[in-house]
Amino acid sequence: MADKIRVLLVDDDEDDFIITRDIMGDIAGRHYLLDWVPSFEAAWEEIRQKKHDVYLVDFRLGARDGLELITRAVEQGYTAPFILLTGQSDRETDEKAMRAGAQDYLVKGTFTPYDLERSIRYSIEHAKSLAEIQKLNTELEQRVEERTRELGEAVRKLEETNRSLHAAQQEIHKALQKEKELHELKSRFVTIASHEFRTPLSTVLSSASLIGKYTSEQEDEKRQKHVGRIKSAVQNLTSILNDFLSISRMEEGKIYNVPTTFDLLRFTEEVIDEMQGYLKPGQRIVFAHAGAQQSITLDKQLLKNILLNLLSNGSKYSGEGKNIYLATAVTADNIQIQVQDQGIGIPEADQAHLFTPFFRAQNVTNIQGTGLGLNIVKKYVEIMGGTLHYTSALDQGTTFTINFANKAEAKHEKDIVDRG
């Protein structure tokens, strides 16, 4: 961070400017240059000149409001962070500020020099992270465009050199199509990653800012609520990163099927126990096993990832108090695993695209997710040599059924024959 940080206060009340200047002057260890404009129009002119590192914007600006100013600036690509100043502290104001593009918000008349310094510091760092994502996006686009131009030039030269090289032309066209698909996949990845990272990061920033305000024992419940929000956001970020890492490793061919023999019932109970922290209030995983055999031979880690994905989906897309049913069955030649929920189901029109990377059904757009989970599950099942089927009806839930050949039982029978 630079030695001096230029801050612009947008507020139609000069007294608020004086108060903010005094609070900023009490911040130890950092140097700030505070400018002030009293109107929407004057603020917009300052923003266009890009002279400031961060903007403090009052919610009320005469006939207009600060949210309108922030939205306009973000839509036109200005990347310096905005902090909303408001006279009230509630979740609705928090969500409005984040939707408009603000990095944080402060309640006027209550924030301290520590609160202001932390909000400015967090907002600048968050803005740098988003700018880095955009920079990576631009670099990727440039690389794809350059590669596409090179391939296009190769096609032109081949056509000019020898019209009879039809097979070679087809291969080049396939490569171009693959580049296009990769470009589209990359664009969807950057869009989803930016959105999915921004939401939990905003939650962490806003909760971290509010925790510092609750200092008495009587406010411990409020502190714990925001600690819980931060933990949940971090878990969400971890899940997103794991999904992206799994897709990357599969694309590079670095995931292998390594079967081991283990107790299916004990393994399933461990997975259910791990899921408890992710269930909604009142939700319960109901488990049942059929068959005398409990020992199976499969890739234990891949199977665990499959179950965690399907069970977490069952919880995510089901309401509070709903059961998720997990059933296993082992016969002489087959191992079957079934996960059934009582959730919102999958629209029939979307079912054909269910396993497409980044695809999300039209009835889940208001629920967080990357659209990678089922694609990962399907690929893991295929790597393990199994099959995956599902049935679903809107508002009636979804059932996923996985089948694997019971190789452990087949080997056992062969050993008996050999010994006989």
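Under the ring-centre rule applied to this predicted model, in which aromatic rings pair if their centres lie within 6.5 Å, the count comes to 5 aromatic pairs. Two of them are visited below, followed by two arginines.

Begin by selecting F17 and W36, an aromatic pair whose ring centres lie 5.1 Å apart with 10° between the planes, and which is therefore classed as stacked, since planes under 30 degrees apart count as such. If you colour the model by secondary structure, you will find F17 in helix α1 (residues 14-25) and W36 in strand β2 (residues 31-37), so that this pair links distant parts of the chain, with the two positions 19 residues apart in numbering terms. Displaying the surface next, note that F17 is buried, with a relative accessible area of 13%, whereas W36, at 27% relative accessibility, counts as partly exposed.

Now move to Y55 and F82, which form another stacked aromatic pair, with 4.9 Å from centre to centre and 15° between the planes. Y55 belongs to strand β3 (residues 54-58) and F82 to strand β6 (residues 82-86), so the pair ties together parts that are 27 residues apart in sequence. Y55 counts as buried at 3% relative accessibility, and F82 is likewise buried, with a relative accessible area of 2%.

For the last two stops, show the arginine side chains together with the rings beneath them. Select R64 with F40, where R64 lies over the face of the F40 ring at 3.8 Å from the ring centre. Then select R72 with W44, where R72 lies over the face of W44, at 4.1 Å from the ring centre.

Notes:
Residues numbered from 1 in each chain as written. Predicted model: local features only at pLDDT ≥ 70, side-chain atom pairs only at ≥ 80, totals over all residues. Heavy atoms only, no water. Phe/Tyr/Trp six-rings, centres within 6.5 Å; stacked < 30°, edge-to-face > 60°. Helix = DSSP H or I, 4+ residues; strand = E, 2+ residues; numbered from the N terminus. Buried < 20%, exposed > 50% of the residue type's maximum accessible area, 1.4 Å probe, protein only. Lys NZ or Arg CZ within 6 Å of the ring centre and 35° of its normal.
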